[in-house]
Amino acid sequence: MRAIQIHFHDTLDNQRLDQVRSELMSLPHVSNVEVEAGKAHDMLIEFEERHNMPMSIMDVLHHQGLHPDITAC
């Protein structure tokens with residue numbers, strides 16, 4: 001299992017966070033998406049080890065108009 005920590009430069013409300021979480025969870029190999037209460041700018045995404053998953057995750061986030069950075073991998 002692998003994980004990446006994402007930081008958003010965008011402000012996301014609960015509805016938008018749920019939408020992003022749902023879209024990421026629909027990706028193959030993604031097993032968990034967490035947002036800590038009070039830290040809506042940070043998201044932890046766990047996935048099965050695949051060489052291209054971090055870039056696939058970033059593509060989904062960019063497609064949604066977000067401005068994310070990977071802060072830990």
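Let me start with a salt bridge: the side chains of Asp18 and Arg21 meet with N and O 2.7 Å apart. Both residues sit in helix H1, which covers residues 14-25. They are three residues apart, and that is about one turn of the helix. Asp18 is partly exposed, at a relative accessible area of 41%. Arg21 is also partly exposed, with 25%. I should say now that this is a predicted model.

How many salt bridges does the structure hold? It holds two. The other one joins Glu49 to Arg2, and here the closest N and O atoms are 3.2 Å apart. Glu49 is in the loop between strand E3, residues 42-47, and helix H2, residues 53-63, while Arg2 belongs to strand E1, residues 2-8, so this pair ties together parts that are 47 residues apart in sequence. Glu49 counts as exposed, with a relative accessible area of 51%. The cut-off for exposed is over 50%. Arg2, at 44%, is partly exposed.

Now the chain as a whole. It contains two helices and four strands. Going along the sequence, the pattern is β-α-β-β-α-β. The radius of gyration is 11 Å, close to the 11 Å that the globule rule gives for 73 residues, so the chain is as compact as a globular protein of that length. If you put a box around the C-alpha atoms along the principal axes, the box is roughly 30 × 25 × 20 Å.

A few totals for the chain. Of its 73 residues, 32% count as buried. The accessible surface is about 4500 Å², and carbon and sulfur atoms account for 48% of that. Take the contacts between residues at least 6 apart in sequence: 65% of these join residues at least 24 apart.

Next, the sheet. In which order do the four strands stand? The order is E2-E3-E1-E4, in an open sheet with antiparallel pairing. Strand E2, residues 30-34, and strand E4, residues 68-72, stand at the edges; each has a single partner strand, so one side of each is left without a neighbour in the sheet. On average, neighbouring strands are turned by 30° against each other, direction ignored.

Look at E1 and E3 for a moment. These two strands run antiparallel and are joined by six bridges. One example is Ala3, whose bridge partner in E3 is Glu46. E1 and E3 also come up in the second salt bridge: Arg2 lies in E1, and Glu49 is in the loop between E3 and H2.

Then the helices against the sheet. H1 lies across E2 and E3, and it runs at about 165° to E2. H2 lies across E1, E2, E3 and E4, at about 150° to E4.

Let me go through three single residues. The first topic is Phe8, which is in strand E1. Is Phe8 buried or exposed? Phe8 is buried, with a relative accessible area of 0%. Leaving out residues up to four places away in sequence, Phe8 touches Ala40, His41, Met43, Leu61, Leu66, His67 and Pro68. Among these, Met43 falls within the range of E3, residues 42-47, and Leu61 within that of H2, residues 53-63. Pro68 falls within the range of E4, residues 68-72. Ile70 is 62 residues away from Phe8 along the chain, and their C-alpha atoms are separated by 9.0 Å.

The next residue is Gln64, in the loop between H2 and E4. Gln64 is at 13% relative accessible area, so it counts as buried, the cut-off being under 20%. Which residues does Gln64 contact, its neighbours within four places in sequence aside? They are Arg16, Gln19, Val20 and Glu23. These four have numbers within the range of H1, residues 14-25.

The last residue is Ser26, in the loop between H1 and E2. Ser26 is exposed, at 57% relative accessibility. Ser26 and Asp13 are 13 residues apart in sequence, and their C-alpha atoms are 20 Å apart in space.

To go back over the main points: the chain has two helices and four strands. The strands form one open antiparallel sheet, ordered E2-E3-E1-E4. There are two salt bridges. One of them is between Asp18 and Arg21, within helix H1.

Methods:
Residues are numbered from 1 along each chain as its sequence is written. This is a predicted model: local features need pLDDT of at least 70, side-chain atom pairs count only at pLDDT 80 or more; totals for chains, interfaces and linings use all residues. Side-chain values use heavy atoms; hydrogens and water are left out. A salt bridge is a side-chain nitrogen of Lys or Arg within 4 Å of a carboxyl oxygen of Asp or Glu. Buried means under 20% relative accessible area, exposed over 50%, partly exposed in between (1.4 Å probe, protein chains only). Contact means heavy atoms within 4.5 Å. Two strands pair if DSSP finds at least two bridges between them. Axes are lines fitted to C-alpha atoms, for helices over the stretch in contact, and angles run from 0 to 180 degrees between N-to-C directions. The radius of gyration is taken over C-alpha atoms; the globule rule is 2.2 Å times the number of residues to the power 0.38. Accessible areas come from the Shrake-Rupley method with a 1.4 Å probe; for residues, only the protein chains shown count as cover.
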